[in-house]
Amino acid sequence: MSTNPTRPRPEARGSGASIPRVPGFFAASLTDAGITAALAAIDRGEVAYPLFDRCPESAQLAHVTFLWRDEPGMDPATAVILSANALVDHENLDSSEFEPVREGLWSITLMVPTDWIASYRITVHRGPGAALWRAETERRAVRLAADAGGPDPLNPRLYASMNGGPVSVVGGPHAVSNEHLAAAQPAAQHRGPSIGGQGAPQPPVPGSETAGHPRLSHHVLWDENCRRERNVWVYQPEAGCLEPGEKTPLAIVHDGATWVRYLNIASSLDRAIAAGALAPIHVMFIDSTNIELRSAELPVAAGTTRSVAEQFLPWARTYFEVSQLPEQTVVSGSSFGGLAAVHAVLEYPQLIGAALAQSPSLWFADLSQALREVDPQVRMIFQAGRYESSIIDSCVEVLEALEGSEAHTQIDFQPLSGGHDWAWWAPMLLNGLCQFFPADRSG
């Protein structure tokens, strides 16, 4: 484990991390005929897109180029912006705007770490006047306007945001991945902006509560602690994977509606188990309902964490073939959900022995002393993106505060070049589950 992120992390500016834009890169690297040939190759699927080129300055950096072509029958673009997760800087919009290459064609090239991974949208302004993102001045309003477009029509890698809206995904040659990750199921009608890992609450798509998966069940339970109904989904492994009476590990995952409705997580679990990468496992997905309730209930131990430990975990152990052992029980979540995963092992180590904390909001509360005194049997994974500055900085600060303690050895810190983003939370969730519960059960 290392507490020092090893790949470059540009200093944050304004509303996002400042990745250098390389003006004129695409036009300077190809002749006009070469540009035409490159576009044709992209259309035929013969060239991987977005376009990555080695960077002579460093083996850890690459140039990545995005393209926009005017659509037939539409007014020509007069401004185009790349809304890549964590990168739009309201104080320096030039750093995210495309430049015209020739009539009907725009490009932007960034210099990025080779392990960069991000979801993104492209937003286009047509006609006279300032683009909407230029007309706004407040940080969030600028980012929302820049994110109001849609997926990149040249990029076949489509994923979903928290509210189900479709986004494109870009990953460098060393970006995190998981070969068992199934294709997402974005909701085409949910096209509103989704930034910072969140989005406005949306009604479910009909049939999406179980997404038609044969081993995913939907339950509506009364949360005695939070005093409201709660949607819960349970994934059960295929019966043929288990010995008679065998009990499996249990993972409890926050923000369950996004995982179940849009990210096709049950199919990913199927594939990982069938491939022998993951032990047969039950997974309970718990809904956070909406942003307001999520922000009130997830970051405090007396909220959803207490509901999980005192009601939902006993319920799962009663009605499903899951282990009673804390070391076979993990809680996972992202952002405030990641903080809730840490609270779970701090408050209830006799019930929950592992935490997979993705982008944990450790800035919210100082848990250094509580972590120093954590039960010695607890295991934790912290995952954080280098472009979510307050998140990764707070992780590093906590780990530095734990230097020399036993607790420091109980935390595996996994930094990567990404933002506050489902694009990497999804593969890293699978990677973390496989790390905690490998198929050979030796872990």
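At 39% relative accessibility, F364 counts as partly exposed in this predicted model. The residue sits in the loop that runs between β16 (354-358) and α10 (368-372). Together with V300 and W363, F364 makes up a nonpolar surface patch of about 280 Å².

Strand pairing comes next, starting with β7. This strand spans residues 105-113, and 9 of its 9 residues are buried, so β7 is mostly covered. On one side of the pairing list is β4 (residues 61-69), which runs antiparallel to β7 and is joined to it by 9 bridges. Within that pairing, L67 has S107 of β7 as its bridge partner. Strand β6 (residues 99-102) also pairs with β7 in the antiparallel sense, this time over 3 bridges. Here S107 turns up again, standing opposite E99. β6 and β7 form a hairpin with 2 residues between them. One turn residue, G104, has a positive phi of about 85 degrees.

A separate look at β5, β8, β9 and β10 gives an open sheet of 4 strands, ordered β5-β8-β10-β9 and paired antiparallel. At the edges are β5 (77-84) and β9 (158-160), each of which pairs on one side only. Direction ignored, neighbouring strands of this sheet are turned by 45 degrees against each other on average. Inside the order, β8 (residues 117-126) meets β10 (residues 166-171) in an antiparallel pairing over 4 bridges. One of the matched pairs puts I117 with its bridge partner G171 in β10.

Then there are the backbone oddities. The peptide bond from Y49 to P50 is cis, and its omega is near 0 degrees. P50 itself falls in the loop between α2 (32-43) and β3 (51-54). Positive phi values also show up away from glycine: R227 has a phi near 60 degrees, and S335 likewise has a phi near 60 degrees. R227 belongs to the loop between β11 (216-223) and β12 (228-235), while S335 is in the loop between β15 (329-334) and α9 (336-347). As for cover, R227 counts as exposed at 52% relative accessibility, whereas S335 is buried, with a relative accessible area of 9%.

On the charged side, a search of the whole structure turns up 16 salt bridges. One of them joins R102 and D32, with the closest N and O atoms 2.7 Å apart. This pair links distant parts of the chain, since R102 is in strand β6 and D32 is in helix α2, 70 residues apart. R102 is partly exposed, its relative accessible area being 29%. Another salt bridge is formed by E97 and R134, whose closest N and O atoms are 2.6 Å apart. That pair, too, links distant parts of the chain: E97 comes from the loop between β5 and β6, R134 from helix α3 (residues 132-135), and 37 residues separate them. The partners sit in unlike surroundings, as E97 is buried at a relative accessible area of 13%, but R134 is partly exposed at 39%.

A third salt bridge pairs E297 with R228, and again the closest N and O atoms are given as 2.7 Å apart. E297 lies in helix α7 (residues 291-297) and R228 in strand β12, so the contact ties together parts that are 69 residues apart in sequence. Both E297 and R228 are buried. The pair also belongs to a wider arrangement, a network of salt bridges that links D223, R228, R230 and E297.

Cysteines tell a different kind of story. A disulfide is a covalent bond between the sulfur atoms of two cysteines. The whole structure, when searched, holds 0 disulfides. For C241, the closest cysteine sulfur is in C434 and lies 14 Å away, which is too far for a bond, given a cut-off of 2.5 Å between the sulfur atoms. C241 is partly exposed, with a relative accessible area of 33%, while C395 is buried, with a relative accessible area of 0%.

Terms used:
Residues are numbered from 1 along each chain as its sequence is written. This is a predicted model: local features need pLDDT of at least 70, side-chain atom pairs count only at pLDDT 80 or more; totals for chains, interfaces and linings use all residues. Side-chain values use heavy atoms; hydrogens and water are left out. Patches are made of residues with over 30% relative accessible area and no salt bridge: like charges are joined within 9 Å, nonpolar side chains (Val, Leu, Ile, Met, Phe, Trp, Tyr) within 5 Å. Accessible areas come from the Shrake-Rupley method with a 1.4 Å probe; for residues, only the protein chains shown count as cover. A salt bridge is a side-chain nitrogen of Lys or Arg within 4 Å of a carboxyl oxygen of Asp or Glu. Buried means under 20% relative accessible area, exposed over 50%, partly exposed in between (1.4 Å probe, protein chains only). Two strands pair if DSSP finds at least two bridges between them. Axes are lines fitted to C-alpha atoms, for helices over the stretch in contact, and angles run from 0 to 180 degrees between N-to-C directions.
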